[in-house]
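Please open the structure in your viewer and keep the sequence beside it, since this tour moves from one selection to the next.

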Amino acid sequence: MSAIRADSPRPYFNLSINNEQDVGHAVREARSEAYLAGFDKPNIFKLCTIVAELCRNMLYHAGGGEFVIRHIHSGNRSGIEIEALDHGPGIADISMAMQDHFSTRGTLGIGLPAVKRLSDEMHIESEPGKGTVVKALKWL
Ligand SMILES: Nc1ncnc2c1ncn2[C@@H]1O[C@H](COP(=O)(O)OP(=O)(O)OP(=O)(O)O)[C@@H](O)[C@H]1O
Ligand SMILES: [Mg+2]
């Protein structure tokens, strides 16, 4: 992460996620930011899926959170970083949560593994009782 400059020329977009409408709003913003950044349709679709999964996780596992989009640059590469930050219960065992079909809600348990597959880089930090931050990056 240290290679990524924080001084992106475009201000980043952020939004509180408190309901399904907010998730839709976040996905629409991600779609237009990805288009502006120059992503092709398949990768715009992947970014939208990442955003929907991370925002729904905040909504259903943490009661809501904050969603951020950043345009990122490193050397001659540019891309988009998605961040999902919440102050929910945290993830007790991240390696379990990253496995296909692990879910504490009785749903499919494929959201986080899908985010990993669809992004170029993914970072999770979580502390039980304090919250969770997930970052997913996609380079052009
Ligand atoms: N923001 C979060 N806060 C707390 N726990 C989380 C968070 N995100 C994920 N988890 C935990 O990680 C598990 C796996 O997440 P994942 O998105 O893969 O599956 P899911 O949300 O349970 O089901 P699906 O996404 O397929 O509907 C969740 O069941 C939950 O226990
Ligand atoms: Mg999920």
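Two residues are said to be in contact if their C-beta atoms, placed from the backbone, lie within 7 Å. This is a predicted model, in which local features need pLDDT of at least 70 and side-chain atom pairs count only at pLDDT 80 or more, while totals for chains, interfaces and linings use all residues. Residues are numbered from 1 along each chain as its sequence is written, and chains are lettered from A and ligands numbered from 1 in the order in which they are written.

Begin with the whole protein in cartoon view, where you can find 4 helices and 5 strands, helices being DSSP runs of H or I with at least four residues and strands runs of E with at least two, numbered from the N terminus. Followed from the N terminus, these elements come in the order β-α-α-β-β-α-α-β-β. Still with everything shown, note that the C-alpha trace spans about 40 × 30 × 25 Å along its principal axes. Among the contacts with a separation of 6 or more, 63% join residues 24 or more positions apart.

Next, select Gly90, which sits in the loop between strand 3 (77-86) and helix 3 (94-97). Is Gly90 buried, exposed or partly exposed? Gly90 counts as partly exposed because it has 17 C-beta neighbours inside 10 Å, where 20 or more would make a residue buried and 12 or fewer exposed.

Now add the partners of Gly90 beyond its neighbours within four places in sequence: Ser126, Glu127, Pro128, Gly129, Lys130, Gly131 and Thr132 are in contact with it. Finally, select Val133, which is 43 residues from Gly90 in sequence and 9.0 Å from it in space, C-alpha to C-alpha.
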